[in-house]
Amino acid sequence: MNSNNFPRIRFLGGAGTVTGSKCLLTYLDKNILIDCGLFQGLKELRLKNWDRFPIEPKSIDAVILTHAHIDHSGFIPRLVKEGFCGKVFCTAATLSLCKLLLPDTGHLQQEEAEYLGHHRLSKHHPPLPLFDKAEAENSLKYFVPKNFNEEFEVFPGLTACFLYAGHILGAAMALIQAGPRRIAFSGDIGRSQDPIFKSPHILPKIDYLIVESTYGNRQHEVTDPLLELEVLIKEAIEKKSVVMIPTFAVGRAQELLYFLSLLRKQGRIPWIPMYLNSPMATDATKIFCEHQSLHKLSPQECLELSNVVHYIQSVEESRALNEKKGPMLILSASGMATGGRILHHLKAFASDPKNMIIIAGYQALGTRGRSIQDGAKEVKIHRQFVSINAKVATLENLSAHADYTEIVSWLSKSEIHPAKVFVTHGEKDSASEMRRHLEETFGWKCETPSQDQEFILNN
């Protein structure tokens, strides 16, 4: 039989790395991109965002987006800029979050290009952004929201359905029926015992599985992050410390606010000034509270979560925080300290050994957050070296990703028997170990695809 009659998948990102997720599904001469993310972290990865796209963007018929995080959604504006004009299917909550994240990413790209031009630090004259805020806003008109568990036609012969994944608000697995083949794309899988989000949906019968492996070689420690946070805040109060928490605006910010509200409500920490210095996280928290059915929290708990911190909006208010004394706690984006207002707080406070930096999420290779977590004595911020003398602590059990034991447990409940499993979205060691766990546990045939590798789904 002609191979054109079978679906083909090609891994354009997220292969051997946790960022840049893009998987091209070709069937009946149609091209569908599952996720369309930016590469982040190491410079060699970030430069890939500027490479010529592997196929003509206008030849892509649709994008199926699993969730709003930039390593899954952030290349969509560039794809539109280069000619894509198809539909971007996602859940309603993912669209709401993309309305925040994509224009902000465009704004940051624009700011960086202007900075490089002003200081003559680029070989291009003038340096241009990957896309700007207006281009990001324009890309949103192609988004089409769909409900969870609603089968929809992408084109004749191919349908899709979103299944609840946990992880962050609106995150989904994509279940795709391409002729006789049913293919599941896990996206990022949340945790079965997440304090905020429900357990991931159990997979139905499938023929092929593409599964993430962010924590494919690690288990989350069995710790109580609420207790850890309590101990750290009490230590900070005693030392009159400034506590800085680099915070992902979507997902991690809301979880930390929930924990802080619990500690305050239960009388486990005394009152100290606490600030959320991230306009995007502020808006994302409002969206979180609006989508009541997608998480476990009650309206009252959402109200308490929203009222536990002071919200910082203006640049002037943000600068004023750097003049204050401890004890105080600042939550600020970005979560890996790759940009945003947290950098100004690190410049102001990280050199003082009395202060504290709390790492509260996955830190990709090549990011400042990873360097700080790994014990760097200084990091470069705004082209200056900043000493890191503050205490660095990690909340070990606060990841939004399932570890390999949780993924194996989740898959065990599904009773699936895929012809092949593709292990993606993990650094090389992590993906390799995830593959080994799946092969040993289930006896499945597994692949850890390389960048641009293509497979025909003809088993």
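This section describes a seven-stranded sheet, a parallel strand group, a pocket and one loop residue in a predicted model.

The open sheet comprises 7 strands in the order β7-β8-β9-β10-β11-β20-β21, and its pairing is mixed. Strands β7 (152-155) and β21 (446-447) occupy the edges; each has a single partner strand, so one side of each lacks a neighbour in the sheet. Helix α14 (residues 428-442) packs on this sheet, where it touches β11 (208-212), β20 (420-424) and β21. The direction of α14 makes an angle of about 155° with that of β20. Within the sheet, strand β9 (residues 172-178) pairs with strand β10 (residues 181-185) in the antiparallel sense, over 5 bridges. Ala 178 has Arg 181, in β10, as its bridge partner.

Parallel pairing is found for strand β5 (residues 87-91) with two strands, β4 and β6. With strand β4 (residues 62-64), β5 forms 3 bridges in the parallel sense, and Ile 64 stands opposite Phe 89 of β5. With strand β6 (residues 143-146), the parallel pairing of β5 extends over 4 bridges; here Val 88 has Phe 143, in β6, as its bridge partner. Of the 5 residues of β5, 4 are buried, so this strand is largely enclosed by the rest of the structure.

Helix α14 also contributes to the second largest pocket, which has a volume of about 330 Å³. The lining of this pocket consists of 21 residues, and those nearest its centre are Ala 15, Gly 16, Thr 17, Leu 45 and Lys 428. At least two lining residues come from each of α1 (43-46), β20 and α14. The greatest contribution is that of α14, with 3 residues. Classified by type, the lining contains 10 nonpolar, 7 polar and 4 charged residues.

Ile 202 lies in the loop between β10 and β11. The relative accessible area of Ile 202 is 32%, which places this residue in the partly exposed class, between the limits of 20% and 50%. Apart from neighbours within four places in sequence, Ile 202 is in contact with Trp 410, Lys 413 and Ser 414. Lys 354 is 152 residues from Ile 202 along the chain, and the C-alpha atoms of these two residues are separated by 47 Å.

Terms used
Residues are numbered from 1 along each chain as its sequence is written. This is a predicted model: local features need pLDDT of at least 70, side-chain atom pairs count only at pLDDT 80 or more; totals for chains, interfaces and linings use all residues. Side-chain values use heavy atoms; hydrogens and water are left out. Two strands pair if DSSP finds at least two bridges between them. Contact means heavy atoms within 4.5 Å. Axes are lines fitted to C-alpha atoms, for helices over the stretch in contact, and angles run from 0 to 180 degrees between N-to-C directions. On a 1 Å grid over the protein atoms alone, a cavity is a set of points where a 1.4 Å probe fits but cannot get out, and a pocket is an open set with protein on both sides within 12 Å along at least five of seven lines; lining residues have an atom within 4 Å of a point. Grid points are joined across faces, edges and corners, and a volume is the space filled by probe spheres set on the points. Ala, Val, Leu, Ile, Met, Phe, Trp, Tyr, Cys and Pro count as nonpolar, Asp, Glu, Lys and Arg as charged, and the others, Gly among them, as polar. Buried means under 20% relative accessible area, exposed over 50%, partly exposed in between (1.4 Å probe, protein chains only).
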